[in-house]
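Here are my notes on this one, in the order I went through it. Have the model open while you read, and start at the ligand.

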Amino acid sequence: MNGRYLRHGEAAVHVEDRGLQLGDSIYEVCRVEAGGLLDEAGHLDRLERSLAALELPMPMAREPLRLVMRELIRRNRIRDGIVYLQITRGPFRRDHPMPEGAAKPTLILTARAYDRAAAMARMASGVKIIARPDERWARRDIKTTQLLPAVLAKTAAKRAGANEAWLVDDDGFVTEGGSTNAWIVDAKGTLVTRPLSRDILPGVTRAVVLAAARDAQMTVEERKFTVAEALAAREAFLTSASGAAVPVVAIDGAAMGDGRPGPLTLRLQALYAAKSGGGGD
Ligand code: PLP
């Protein structure tokens, strides 16, 4: 945190930190597999993009930041897990406009292990989702910590016995999941995901999976789809740093196909594993 390695329980932000008070803050999540960072360059590129969108300065240069991420993984002895990174505009007397003058961003990095067996089980047997209205702001392409709509949607999903909520725009089209990008394999066998715009986060895993699918000569279309189309689709799945091509086996309580992960989803899991550049260094 801000250049120091602290014990988890000792790391704290100022009460007037703008991240805490105003959500004036952005973040990234990068997966650690076998001690190495997956898709690191993509996550750092998006970090820089989010910072630029909010006129936030990069608190440290990219190369030293990469070293800090590795040191954090080492000190926490993480083999499989995630590195979480957040940058806020820092502590200032509370006032909405961005403060003029010297920047003093708060930099926070944490690392934690996750249950690899449970993650593998999700990849193998799939997850259930529900559909909810998309109640977020209009700049969903910036990865800010203003996550209340996702908190509400994902809580509703959990209470319904599901793992994710697909958010639906005012025209009835799925934007993305609360913390994942949304995909289907339509009735013709075409891989479909919503095109990039301000409506969705440009998922790093989405980009890797899209490239892998095109390399493998799959038919891919970046277009919008509805929940009804997803229900009639051959397959559906989710992508995010914590799970590439996680099969969706039920939507709003209705089984997808035979309720088992589809062949294209399983193939994309394998293609992602080959492409994402995991492993320690
Ligand atoms: N969409 C949203 C709203 C997210 O919060 C996330 C990840 O947190 C994603 C998509 C997936 O992005 P990525 O693949 O970069 O993890």
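1. A word on terms before the ligand: a residue counts as near a molecule if one of its heavy atoms lies within 4 Å of it. Keep in mind, too, that this is a predicted model. With that cut-off, there are 18 residues around the ligand, and R46, K143, E176, V204 and T205 come nearest.

2. Which side chains put an N or O atom 2.7 Å or 2.6 Å from a ligand oxygen? The first distance belongs to K143, whose side-chain N or O atom is 2.7 Å from an oxygen atom of the ligand. The second belongs to T205, again through its side chain, at 2.6 Å from a ligand oxygen. A241 joins in with its backbone instead: one of its N or O atoms lies 2.8 Å from an oxygen atom of the ligand.

3. How much of the ligand's accessible area does the protein cover? On its own the ligand has 390 Å², and 92% of that is covered by the protein. As for location, the ligand sits in the largest pocket. Four elements give two or more residues each to the shell around it: α2 (40-53), β7 (174-177), α6 (204-215) and β11 (235-240).

4. Have a look at the make-up of that shell as well. By class, the count is 10 polar, 4 charged and 4 nonpolar residues.

5. Moving on to the strands, β5 (residues 127-133) is worth tracing. It runs parallel to β12 (residues 243-251), with 3 bridges joining the two; in that pairing, K128 has A250 as its bridge partner. β5 is also joined to β6 (residues 164-168) by 5 bridges, and this pair is parallel too. Here P133 is partnered by V168 of β6.

6. Both ends of helix α4 (residues 116-125) deserve a glance. At its start, a side-chain oxygen of D115 reaches to within 3.1 Å of the backbone nitrogen of A117. Just after the helix comes G126, which takes a positive phi of about 90 degrees.

7. Last, the antiparallel sheet. It is open, has 4 strands, and follows the order β2-β1-β3-β4. Which strands sit at its edges? They are β2 (36-37) and β4 (106-113), each of which pairs on one side only. Between β1 (residues 25-33) and β2 there are 2 bridges, and the two strands run antiparallel. If you want a spot to check by eye, V32 stands opposite L37 in β2.

Note on methods: Residues are numbered from 1 along each chain as its sequence is written. This is a predicted model: local features need pLDDT of at least 70, side-chain atom pairs count only at pLDDT 80 or more; totals for chains, interfaces and linings use all residues. Side-chain values use heavy atoms; hydrogens and water are left out. A polar contact is a pair of N or O atoms within 3.5 Å; within protein, one must be able to donate a hydrogen and the other to accept it, and residues adjacent in sequence count only if both atoms are side-chain atoms. Accessible areas come from the Shrake-Rupley method with a 1.4 Å probe; for residues, only the protein chains shown count as cover. On a 1 Å grid over the protein atoms alone, a cavity is a set of points where a 1.4 Å probe fits but cannot get out, and a pocket is an open set with protein on both sides within 12 Å along at least five of seven lines; lining residues have an atom within 4 Å of a point. A molecule sits in a cavity or pocket if more than half of its atoms lie within 2 Å of its grid points. Ala, Val, Leu, Ile, Met, Phe, Trp, Tyr, Cys and Pro count as nonpolar, Asp, Glu, Lys and Arg as charged, and the others, Gly among them, as polar. Two strands pair if DSSP finds at least two bridges between them.
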